[in-house]
Amino acid sequence: MSVLVLGGAGYIGSHAVYKLMDSGEDVIIVDNLETGHKEALHPEATFYQGDIRKIDFLRTVFKNESIESVIHFAANSLVGESMEKPLKYFDNNVYGTQVLLQVMAEENVKHIVFSSTAAVYGEPETVPILETEKTKPLNPYGETKLTMEKMCHWASKAHGTKYVSLRYFNVAGARESGEIGEDHRPETHLIPIILEAALGKRSHVTIFGNDYDTPDGTCIRDYVHVEDLIDAHILALQYLRDGGNSDVFNIGSNQGFSVKEMINTAREVTGKGIVAKNGERRVGDPSTLVASSEKAKKVLGWDPTKTYSKKIVEDAWKWHSAHPYGYDKEGIKE
Ligand code: UFG
């Protein structure tokens, strides 16, 4: 029996495939390679290139393989882009998941673990954020993830599909052994941008707003190491296999770091004098997002060991400094 990983060529999906293979699982990958990289595919996993919105394609994968459970990462995930192209997000994230749940029901596959986001909370009323916090997304990306959760809930009632939704905070870092890492085009995430400045690929980092109501005026986020995040998925899968009920969990570190603090950590780790300039606030950015992940620790037994800012930046730097062009060999997309 296999675990089907949708979006297994993406940043988080590829890290999941590597860890699942490490733990002895048989893995099938589906990815349309729109934002994923073929170089990020695990060489020993079975790969189908295709789009989850194409029901006949997905049915073929489920017919060809013996799939026991699904981990679903295949989604668009940029807040800014979602404001400009909301329908793209509803189509890929919501409709894509609808097709997937349909095929899972047809094929009697009962377990799904999928990525949700802190963006479902919008601007939270209490920090650290508990799973019981009101969900009020401020952007289409968060709205589509919340809709996916609701769709899974109702599909679970009708078809008995059990799900775990993991609401990620700020995922960063790279696989410790260095084969895979983060490569988004264009890059919008803070840590890779800081490291691109350290590599001289950018002249500076722009700090999006220094007048927030935080100790140093810059936004506070909760950074979680990608390898700890993947452990949460593997534990969630085990929880479902052991008969656990459908549920949602925050995955973060319970600790917040400001943009300035992260730049300073990167200066320390890389030894480079990274130039930072103050800029305008970015539309849609909440000032502070910090998770309470006590529920994941208690219920799933999640025990993050790499989630501290220095380790996250060190592992990210190991990847970026060894792969300054990401998955391209010499800066040219093959
Ligand atoms: N930032 C800068 N300069 C940059 C890039 C980012 O100052 O060049 C700041 C942002 O304003 C923010 C922080 O760094 O305060 C982190 O920004 P990221 O873009 O790295 O991450 P976000 O917090 O915007 O997004 C993350 C996930 C999303 C998720 C969101 C929930 O990447 O998928 O958290 O709010 F939806």
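# Briefing on a predicted protein–ligand model

At 40% relative accessibility, arginine 282 counts as partly exposed. The structure is a predicted model. Arginine 282 pairs through its side chain with aspartate 285 in a salt bridge, at 3.2 Å from N to O, and both Arg282 and Asp285 are among the residues that come nearest to the ligand. Aspartate 285, at 18% relative accessibility, counts as buried because the limit for that class is under 20%.

**Ligand site**

- The ligand is surrounded by 20 residues, of which Leu190, Thr206, Arg221, Arg282 and Asp285 come nearest.
- An N or O atom in the side chain of aspartate 285 is 2.6 Å from an oxygen atom of the ligand.
- Threonine 206 places a backbone N or O atom 2.7 Å from a nitrogen atom of the ligand.
- For threonine 188, a backbone N or O atom lies 3.4 Å from an oxygen atom of the ligand.
- On its own the ligand has 690 Å² of accessible area, and the protein covers 92% of this.
- At least two residues of the shell come from each of helix H6 (190–198) and strand S8 (205–208), and S8 gives the largest share, three residues.
- By character, the shell residues divide into eleven nonpolar, six polar and three charged.

**Salt bridges and their network**

- Side chains of opposite charge can pair when their charged atoms come close.
- The whole structure contains 29 salt bridges.
- Arginine 185 and aspartate 328 form one of them, with the closest N and O atoms 3.1 Å apart.
- This pair ties together parts that are 143 residues apart in sequence, since arginine 185 lies in the loop between strand S7 (170–172) and H6, and aspartate 328 in the segment after H10.
- Arginine 185 is partly exposed, at 42% relative accessibility, whereas aspartate 328 is buried, at 8% relative accessible area.
- Glutamate 125 and lysine 134 also meet through their side chains in a salt bridge, at 3.7 Å from N to O, and both residues are exposed.
- After the Arg282–Asp285 salt bridge (3.2 Å, N to O), a further group is found in which Glu176, Glu227, Lys306, Lys311, Asp315 and Lys318 are joined into one network by salt bridges that share partners.

**Polar contacts of members of the network**

- Lysine 306 occupies the loop between helix H9 (294–300) and helix H10 (309–322) and counts as buried at 15% relative accessibility.
- The side chain of lysine 306 makes a polar contact of 3.3 Å with the side chain of glutamate 176.
- Histidine 225 belongs to strand S10 (residues 223–225) and is buried, with 0% relative accessibility.
- Through its side chain, histidine 225 makes a polar contact of 2.8 Å with the side chain of aspartate 315.

**Surface positions**

- A nonpolar patch on the surface is formed by Val79, Met83 and Val283, which together have about 270 Å² of accessible area.
- Valine 79 lies in helix H3 (residues 79–84) and counts as partly exposed at 30% relative accessibility.
- Leucine 130 sits in the loop between strand S5 (111–117) and helix H5 (140–159) and is partly exposed, with a relative accessible area of 44%.
- From leucine 130 to alanine 266, 136 residues apart along the chain, the C-alpha atoms are separated by 29 Å.

**Backbone geometry**

- Most residues other than glycine have a negative phi, and most peptide bonds are trans.
- Valine 127 and proline 128 are joined by a cis peptide bond, with omega about -5 degrees; proline 128 is in the loop between S5 and H5.
- A cis peptide bond also runs from arginine 185 to proline 186, with omega near -5 degrees, and proline 186 is in the loop between S7 and H6.
- Asparagine 108 has a positive phi near 60 degrees; asparagine 108 lies in the loop between helix H4 (86–107) and S5 and is exposed, with a relative accessible area of 52%.
- Asparagine 254 likewise has a positive phi, about 70 degrees; asparagine 254 is placed in the loop between strand S11 (247–251) and strand S12 (257–258) and counts as partly exposed at 26% relative accessibility.

Note on methods: Residues are numbered from 1 along each chain as its sequence is written. This is a predicted model: local features need pLDDT of at least 70, side-chain atom pairs count only at pLDDT 80 or more; totals for chains, interfaces and linings use all residues. Side-chain values use heavy atoms; hydrogens and water are left out. A residue is near a molecule or strand if one of its heavy atoms lies within 4 Å of it. A polar contact is a pair of N or O atoms within 3.5 Å; within protein, one must be able to donate a hydrogen and the other to accept it, and residues adjacent in sequence count only if both atoms are side-chain atoms. Accessible areas come from the Shrake-Rupley method with a 1.4 Å probe; for residues, only the protein chains shown count as cover. Helices (H or I, at least four residues) and strands (E, at least two) are DSSP runs, numbered from the N terminus. Ala, Val, Leu, Ile, Met, Phe, Trp, Tyr, Cys and Pro count as nonpolar, Asp, Glu, Lys and Arg as charged, and the others, Gly among them, as polar. Patches are made of residues with over 30% relative accessible area and no salt bridge: like charges are joined within 9 Å, nonpolar side chains (Val, Leu, Ile, Met, Phe, Trp, Tyr) within 5 Å. A salt bridge is a side-chain nitrogen of Lys or Arg within 4 Å of a carboxyl oxygen of Asp or Glu. Buried means under 20% relative accessible area, exposed over 50%, partly exposed in between (1.4 Å probe, protein chains only).
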